[in-house]
Amino acid sequence: MGKYDDTSERYAYTSALIKDLKASGGRLERGRVTIHVPEQSGFCWGVDRALAMIDDALREIPGRRVWLLNQIIHNPIVNRDLKARGVHFLRGPFADGDGSFDQLNATDVAVVPAFSAEVEDLQELERRAIPVVDTTCPWVIKPHRRTERYVKDGYTTVIHGTAGHDETLASCSLIRHLGGHYLIVHDLVETELLCAHLRGERSLAHFAEDFAGKCSPGFDPAQHLQRIGMINQTTMLATESREVAARVAAAMRERDGEQVAESFRDFDTICRATQDNQDSFLAVLARTELDLLIVVGGFDSSNTKNLARIGDDAGIPSYHIERPEDLTATTIRHRRRKTGEIVVDENWLPAGTVQIGMTAGASTPDTIFGAVVERVLAAAN
Ligand code: SF4
């Protein structure tokens, strides 16, 4: 869905429709439908930068194979474009082979995705003397620096994030490599479970089962919950991250009294683009009475899922879709937020005049967002 732009010498994903829509105040009325888009949506600075670095690698080192360690970002359309342009994928849904580093040689170039990579993989590339283009977003490096500090000072890192998400996998790998410990909490339910352990309301005998697959190897709750430092995956819902930190801080204060100043540290590592996209979308919800919301982005994209959640939390019917083809005049293929199921619903567009809020995740090209807006307009007319 992108195309090469000779002027910028970049592969571009711009949409005249989205550009004009934002320039005219983010409101487009056509027939019975009015679409409202936020000031901030779509590609963030970190994604633009990562894609530009791949463009540079493809242009400046022709004839060498370029291998992405995994998806560059969580958007299948962008990854498919890269594949069509000759980029190889080591792992993930677009993998070219068996995932083994034996497929690469020293004349190839490896690309670290915007989410970063596990330390073991970076060490393997170094051992094999394979040149690396590192597109890790500087906003992702921020929590890395913070965890390094926590480990050095003897704190366990509690991550508000998703176990198995590439960025969190990289953070956990770094902490393990430094000899530290971590624990991942995904939501307020898991936060409350952690708080119950901190307050002594739940026996530590249950800890291993409560946090199976969500803590570092050898995690001993009696020892490793004594001093806690918080970070968040950069793309979480900012309001939830702040609530998670506040609840853990309160439980630590109950347990440690004034000593909490020593035993607890907090650091907000939500990235600016994620925060801006969320705030901007919330502003649309605040100024308009909306009938439904459509959020466009990869089904695996954490920041897109959290944008979809904003609508759910506000009690507005919300659909998280991935691409224009997900939408016809009568049907909508979307991801149910609570279960993660991909389903097809009918009669998604209410009768009569309709106010629709629309936004796109930080890994969603404007070309895709624009095409979805066109489909919505076509469906209503
Ligand atoms: S969403 Fe934030 S952390 Fe992720 S690539 Fe964009 S700017 Fe970087």
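Contact here means heavy atoms within 4.5 Å of each other. Axes are lines fitted to C-alpha atoms, for helices over the stretch in contact, with angles from 0 to 180 degrees between N-to-C directions. Helices (H or I, at least four residues) and strands (E, at least two) are DSSP runs, numbered from the N terminus.

This is a predicted model, in which local features need pLDDT of at least 70, side-chain atom pairs count only at pLDDT 80 or more, and totals for chains, interfaces and linings use all residues. Residues are numbered from 1 along each chain as its sequence is written, and side-chain values use heavy atoms, leaving out hydrogens and water.

**Exercise 1.** Find the strands that helix 7 lies across.

*Solution.* Start at residues 188-199, which make up helix 7. This helix lies across strand 9 (156-160), strand 10 and strand 11, and runs at about 135 degrees to strand 10.

**Exercise 2.** Work out the strand order of the open sheet that contains strand 10, and find its edges.

*Solution.* Two strands pair if DSSP finds at least two bridges between them. First, the order is 10-9-11-12, with parallel pairing. Next, strand 10 (182-185) and strand 12 (264-265) each have a single partner strand, so one side of each lacks a neighbour in the sheet. Finally, look at strand 11 (residues 228-232), joined to strand 12 by 2 bridges; Gly229 has Arg265 as its bridge partner there.

**Exercise 3.** Find the strands that helix 10 lies across.

*Solution.* Helix 10 covers residues 238-256. Follow it across strand 9, strand 10, strand 11 and strand 12; its angle to strand 11 is about 175 degrees.
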